[in-house]
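Work through the exercises below with the sequence and the model side by side. Try each task before reading its solution.

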Amino acid sequence: MLATAAKAGLFLAVVLFLSGCTNWPEFSKRVENPYPGDVAAVARGKTLYLSQGCSVCHGEKGKGDGTEAASLPTRLPDFTSRDQMITRADPDLFWAIVRGREKTKMPAFGKQLSENKIWDLVNYLRSLYQ
Ligand code: HEC
């Protein structure tokens, strides 16, 4: 009887743990920008932004007007728009780059770029609007 209760308890704990991990908003809150606004990070992010081909879609200045933009089925965000960007938290941008955006052309970069590089990109994007 006790053993059954213990098993049920363990099962519940595992379920709660797993649902906690896959609960997207909770999960996304757990990452934190390690160096917000850092000038060196912004510079590294700019180099990555150009070398990783982000500009091909997002545009050289991040306005959403890259050479591929017109042929994409979805509209691109404007990284230079303060109004648009303040509605996104740093972890939102981070996870968009890590995982990409399903059902859109936004690729996932989590396999080829380290976490720090992705934060460099986030900090660069943050520097594009006043
Ligand atoms: C092939 C085109 C393409 C490339 C290359 C690309 N993106 Fe995107 N990106 C998109 C599209 C399309 C969206 C919009 C997805 C949506 O509607 O949710 C997007 C969305 C995003 C977002 C989410 C913005 C928001 O609205 O919250 C971020 C951040 C982002 N891209 C960063 C990058 C970075 C950094 C790179 C390069 C490492 C990159 N993207 C490369 C097409 C691209």
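The exercises that follow concern a predicted model.

**Exercise 1.** Find which residues of the largest nonpolar core touch the most other members.

*Solution.* Start with the core itself: it has 15 residues. Then look for the members that touch the most others: Phe94, Ile118, Leu121, Val122 and Leu125. Next, ask which helices supply at least two residues each: helix 3 (39-51), helix 6 (90-99) and helix 7 (115-126). Helix 7 gives the most, with six residues.

**Exercise 2.** Decide whether leucine 125 is buried or exposed.

*Solution.* First, place the residue: leucine 125 is in helix 7. Second, count its C-beta neighbours inside 10 Å: there are 25. The cut-off for buried is 20 or more. Leucine 125 therefore counts as buried. Third, list its contacts, leaving aside neighbours within four places in sequence: Gly62, Phe79 and Leu93. Last, take threonine 80: 45 residues separate it from leucine 125 in sequence, yet the C-alpha to C-alpha distance is 8.1 Å.

**Exercise 3.** List the contacts of phenylalanine 94 beyond its neighbours within four places in sequence.

*Solution.* Set those neighbours aside. Phenylalanine 94 is then in contact with Val31, Ile118, Trp119 and Val122.

**Exercise 4.** Describe the shell around the ligand: how many residues surround it, and which are closest?

*Solution.* Count first: 25 residues surround the ligand. The closest are Cys54, Cys57, Pro77, Ala96 and Met106. Now assign elements: helix 4 (54-58), helix 6 and helix 7 give two or more residues to this shell. Finally, sort by type: 15 nonpolar, five polar and five charged.

How values were computed: Residues numbered from 1 in each chain as written. Predicted model: local features only at pLDDT ≥ 70, side-chain atom pairs only at ≥ 80, totals over all residues. Core = buried A, V, L, I, M, F, W, Y, C linked by C-beta atoms within 7 Å. Buried ≥ 20, exposed ≤ 12 C-beta atoms within 10 Å, placed from the backbone. Helix = DSSP H or I, 4+ residues; strand = E, 2+ residues; numbered from the N terminus. Contact = placed C-beta atoms within 7 Å. Near = placed C-beta within 6 Å. Nonpolar A, V, L, I, M, F, W, Y, C, P; charged D, E, K, R; others polar.
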